[in-house]
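Please open the model in your viewer and keep the sequence panel beside it. The stops below say what to select next and what can be found there.

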Amino acid sequence: NLEPTWADGRDHLPVQSKGGSRRAELQFLHAPIPTRILGVGLLYERSYYDIGFNQDPLNTVGRSERDAWGLQLQYAEAYSPSWALASRIEYQKGKSDYTVSNSFFRQHNRFDEDRLYMQAELIGTFTAQEIGFLPDSWLFRPILGANFQQSMLGDASVSVVNKKHENYGA
């Protein structure tokens, strides 16, 4: 599974963002019974964004980069012909770089950024036979879901214009 995302800001706006995110997944899915799916997967994610401030006389620019590897677990089960649950949990081990610079200043931060992500959705599927007001070729698909993400920041290394490095914990 490959999931590319691109952002391309406009020159006439005060803040311009350009960059993207790439994600590759390798998954193994197993159906022990016809109504249940269990999955495990590995992933790699890379994101990078450049932010420019078009009306800034100091020419301030920012750059954000992140590389991460992760593990993903999935569970899905159909409880009835109309209702199913889909869920996943993902843990990523990553490194982030943030740089801000202008005509007088440059600051670069590098630190560990691990993430925990959880998602669960209750998904319904109803046809015109089950709901009378639907046209024959339509489906009604209500989804009730929740997700959670926690970023865990590790020790960081900061360098400023004079090339001095400082290490600190988050």
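**A tour of charges, strands and a surface patch**

Begin by selecting R88, which counts as partly exposed at 26% relative accessibility (buried means under 20% relative accessible area, exposed over 50%, and partly exposed in between, with a 1.4 Å probe and protein chains only). Before going further, note that this is a predicted model, in which local features need pLDDT of at least 70, side-chain atom pairs count only at pLDDT 80 or more, and totals for chains, interfaces and linings use all residues. Residues are numbered from 1 along each chain as its sequence is written, and side-chain values use heavy atoms, with hydrogens and water left out.

Now add E90 to the selection: the side chains of R88 and E90 meet in a salt bridge, at 3.9 Å from N to O (a salt bridge is a side-chain nitrogen of Lys or Arg within 4 Å of a carboxyl oxygen of Asp or Glu). Side chains of opposite charge can pair when their charged atoms come close. E90 counts as buried, at 6% relative accessibility, whereas R88 is partly exposed.

Widen the selection to R23, E25, E45, R66, R88, E90, E113 and R115, which are linked in a network of salt bridges. The structure as a whole holds 15 salt bridges.

Next, select D50 and R63, whose side chains form a salt bridge of 2.5 Å, N to O. This pair links distant parts of the chain, with D50 in strand β3 and R63 in strand β4, 13 residues apart (strands, E, of at least two residues, and helices, H or I, of at least four, are DSSP runs numbered from the N terminus). D50 is partly exposed at 33% relative accessibility, and R63 is likewise partly exposed at 31%.

Move on to R110 and D97, which form a salt bridge in which the closest N and O atoms are 2.5 Å apart. R110 lies in strand β6 (residues 106-124) and D97 in strand β5 (residues 83-101), so the pair ties together parts that are 13 residues apart in sequence. Is each partner buried or partly exposed? R110 is partly exposed at 37% relative accessibility, while D97 is buried at 15%.

With those two residues still in view, display the backbone of β5 and β6, which run antiparallel and are joined by 17 bridges (two strands pair if DSSP finds at least two bridges between them). The two strands form a hairpin with 4 residues between them, and for Y98 the bridge partner in β6 is N109.

Then select Q150, which is found in strand β7 (residues 143-159) and is partly exposed, with a relative accessible area of 37%. Leaving aside residues up to four places away in sequence, Q150 touches D114, R115 and L116 (contact means heavy atoms within 4.5 Å). Q150 and E113 are 37 residues apart in sequence, and their C-alpha atoms are 10.0 Å apart in space.

For the last stop, select L26, F28, V40, L42, L71, L73, I89, M118 and F148, which form a nonpolar patch on the surface with about 830 Å² of accessible area together. Patches are made of residues with over 30% relative accessible area and no salt bridge, like charges being joined within 9 Å and nonpolar side chains (Val, Leu, Ile, Met, Phe, Trp, Tyr) within 5 Å; accessible areas come from the Shrake-Rupley method with a 1.4 Å probe, and for residues only the protein chains shown count as cover. Finish on L73, which lies in strand β4 and is partly exposed at a relative accessible area of 43%.
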